[in-house]
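Here is a friendly walk through a structure for anyone who works at the bench. Please take a look at the model first, and then read on.

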Amino acid sequence: MSRRRDNYETSRWLRFKKWVDGETDPLSSGMDAIPVVTEGQMRERRKNLALRKAYDEELTRLSAEHADKTEIMKARGIRNFQKFYKVMSVILCLAIISVLLWTIAALPVTGGADNPANNEVAARYIEKGLQETGAVNIVTGMILDYRAFDTFGESCVLFIASCCVLVLLRLDADSKNDNIKKMIAESDDRHFEPKDDIILQKCACVLVPVIMIFGIYIVLNGHLSPGGGFSGGAVLGSGLILYLNAYGYKKMSRLFTEKVYRRTTLCALTFYCLAKSYSFFTGANHLESGIPTGTPGAILSSGLILPLNICVGLVVACTMYAFYTLFRKGGM
Amino acid sequence: MSFVQNFPFFSIILAMFSGIISSVLSGKKARNLSLVMIAVTTALSAGTLLFCLRTGESYPYMMGHFPAPWGNEIRAGILEGVTAVFFGVVMFLAVLGGLDHTAEDVEENKLNLFYIMIDLMLSSLLALVYTNDLFTAYVFVEINTIAGCGLIMIRQKGRSMSAAIRYMIMSQLGSGLFLIGLSILYDITGHLLMSPAKESVAALAASGAYRIPMLVIMAVVGVGLAIKSGLYPFHYWIPDTYGYATPTASAVLSGLVSKGYIFLLIKIFYRVLGYDNLVSSQMVNVLYVFGITGMVMGSLHAIHETDTRRMTAYSSVAQIGYIYMGIGLGTQYGMVAAVFHIFTHSATKALLFISAVGLYEASGDKKDYVSLRGAGYRNPLAGIGFTVGSLSMVGFPMLSGFISKLLFATSALESPHKMLPTLIVLAVSTTLNAVYFLRLVITLYSRRRPEDAPIPEVKVRSSWHLRLAILCFIAVNLVLGMWSQPIVQAIADGLAMFG
Amino acid sequence: MIQHLSLNIEETVAVILFGVGFTILLLHRNLIKKIMGMNIMDTATYLFLASKGYITGRAVPIVVDGVQEVSAYINPVPSGLVLTGIVVSVSTTALMLSLTIRLYERYHSLDLDEILILAKEEEQT
């Protein structure tokens, strides 16, 4: 006979179950969230909530006190709805998976050399890519020359996403609106972290130059080896973020401000736009573009691909850094 | 190659470039640039349209130095030209009509970001219209989605933020399905450009290979784009989104964005999957059922609403249902009617959203029926605009809505199995439309009762942009209603070119 | 069918992940988990694409020693598509996260249902 546990509330299983259900946060004891509104407002808001969670608590309380039946029935109805919701989501998930598995079973086998996807398109990229684009890395040659319009669209996606994040999160320091002033004060969370952390600073001292050089290497060798503008730009961005974390905004603002961000993005995207427009225009009108592809394998080769990679790298690095600072404190 | 043939490419790049430049301009300059850019791109699209009408054929345009199966391509024809011109006109008038409210709703130093969204929105719409490449279509669908989300949430008041996150979630579901559909299609055809992909699909259909994947591709791409355009069972995001954005954004989102996706869907059906395959796979019947359900349910929801903007938004659900019903009829006529209804709906819905602004101005920014009582006398032009839009939605003769209902009805006669349900649902839906739109129009022109809350001191005269935009929208509606024949002819020719 | 699925093991995994991600994005109430679901869904698609480009025993499409035969390299197209797709997914993730931050600041909740109810109440008052 197993021992009866009367401390079910604190058992591991319950805590695990709660965590799976998303009710508790395992880290919650380790972090102290600062309530932004006053307690009274919070209580009012919570009170207004006629939500399932509230009903659940109600249910436990009610069943403990043996309160009248109708309320329990009501709460049970809501709990049943919750169960129904869960069951339905599992069924939907399984339905999608089974339809797609059914499809997969009819698709060609992975890794086959004569699959329909390995047709004349891929063949030309491999056989003539080096001569036509000058890029040793065929994938780079493909995305920045054969299918450059997609890639231009992709940089615009990044650009417009950063604009949207700016709209949402940028807080203007010289704003007259009191609400925004309050938000600026709240979002400044620097004083929760150690200032001038010596370990972090020394590590950053060693790492940042290496990261930056590695990022630049990836960007510049995009047409020769794995890598390219996006991956290199992401590395550069992470280097900037590390530097910021170690030395703080004040030191960073000597190097990188919003003005710098705007100008870099503008110049890089403008160059990208103009260069690609030129090449699209000449291509469609069957004119010679007059851009030499150089000797394959040399760093200064493959026509526009190298400058375009640099542009994409700059845009991505700036955007990553901008995302980070905007998420942290709503400005650069 | 004649110089005119470059125009589609110029218009896309111009719109993108002005978006990029706007990031360093002040709000006012960005606004002016945006207006000029929209006018110029519309003129360029008109040039393309005239060229295609003169030569009578469509042409592909290489984006780069490499021909069809290798490089990116766009393609221009009559239908693309008509749609691009029309989208340009509606976009211009929507931006013009909402100028003052945009300036009010958006923080001043973020105004240029609003116009970046407008610019990139236009460029992505043009790219969706002209594209001849599936993956380009995916990338620009994403630009369109993000720009749409930006337009909603830039008004950081009220429920627009929660509306934006809902919109984003539903759009991402749609994009995910669309992308997986493209991946499967690439796997079995090996092409991303539409023309070679269509050849492979035709060969596969003839040999009977990969039947199951083809079916799933049709379903997944269809459902993905249907979610994004707000077809009935996936419409939950629509009322919040259209109801709480700034007026320009509401007009653009309801009039253009959902139409861009539908246009893309039609293009994929015709240019990649093959319309005959679609009809034989019964996929059209699914769209048909969703469409007619949407026509009725959207109207029923609209009748329940007390907030007039949400009512107009729910009426969009019904109108999207009309379009999908036209696609689902499975005949050439049905498709013509659907495309014509795309134009009708974007002109009319934009007119309703923009003229409603004038009415709210005259009612102290309240949006419920009671406050709007008598607003038609307080702001006569906006009242007329709203009345014209409502009558057009109901299907009053001489207005565009009448023509599209007529086209739907005649095309229903062509398909024997679907004739009866189509006609019945058309009649029911028209009646329901009349119930809620005419109720609002009557409210607008009834005298205020003494027990109504007094209206605060309001400006009765709207600014000249708003009045100009309303007048132009009314004119567009009349043109579509009275000179519909050449437009219908152009649509039919353009669809034939899709071939 | 099972045998075919075991041959297509990458796609099978990708498709299962896609279904899981899709369902989380559609039905989970927590916004952060919704965003995770979106990322799972996108990544599953990239896994699907990448495995479709792979050809057994061939090298990455970077020309080595001037060898330019088709039989030497895998299909470069899916790799390029994945690259483009990743950028798109990064952008949408950033946008969704920033929306979540603002919504949390205003409503102090990550539960979408709760946020929608609070937003409605806020409007009515």
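## Two loop residues with positive phi

B:Met398 sits in the loop that joins α18 (380-394) and α19 (400-414) of chain B; helices here are DSSP runs of H or I with at least four residues, strands are runs of E with at least two, and both are numbered from the N terminus. Keep in mind that this is a predicted model, in which local features need pLDDT of at least 70, side-chain atom pairs count only at pLDDT 80 or more, and totals for chains, interfaces and linings use all residues. Residues are numbered from 1 along each chain as its sequence is written, while chains are lettered from A and ligands numbered from 1 in the order in which they are written.

Most residues other than glycine have a negative phi. The table shows two residues with a positive value.

| Residue | Phi | Loop |
|---|---|---|
| B:Met398 | near 80° | between α18 (380-394) and α19 (400-414) of chain B |
| C:His108 | near 55° | between α4 (76-107) and α5 (112-124) of chain C |

B:Met398 is partly exposed because 13 other C-beta atoms lie within 10 Å. A residue is buried with 20 or more such atoms within 10 Å of its own C-beta, exposed with 12 or fewer, and partly exposed in between, with C-beta atoms placed from the backbone. C:His108 also counts as partly exposed, with 18 C-beta neighbours inside 10 Å.

## A helix pair in chain B

How do α5 (residues 111-130) and α11 (residues 247-273) of chain B cross? Their axes, which are lines fitted to C-alpha atoms over the stretch in contact, come within 9 Å and cross at roughly 25°. That makes α5(B) roughly parallel to α11(B), a term for angles under 35 degrees between N-to-C directions. From α5(B), the contact uses B:Met121, B:Leu125, B:Leu128 and B:Val129, and they meet B:Val252, B:Leu256, B:Gly260, B:Phe263 and B:Leu264 of α11(B). Two residues are in contact if their C-beta atoms, placed from the backbone, lie within 7 Å.

## Chain A and its partner

Chain A has twelve helices and zero strands. Of its 332 residues, 34% count as buried.

Chain C and chain A each give 52 residues to their contact. On the side of chain C, α1 (2-7), α2 (9-27), α3 (31-53), α4 and α5 each supply at least two residues, and α4(C) brings the largest share, 17 residues.

How values were computed: Axes fitted to C-alpha atoms, helices over the stretch in contact; angles between N-to-C directions. Parallel < 35°, antiparallel > 145°, perpendicular 65-115°, else oblique.
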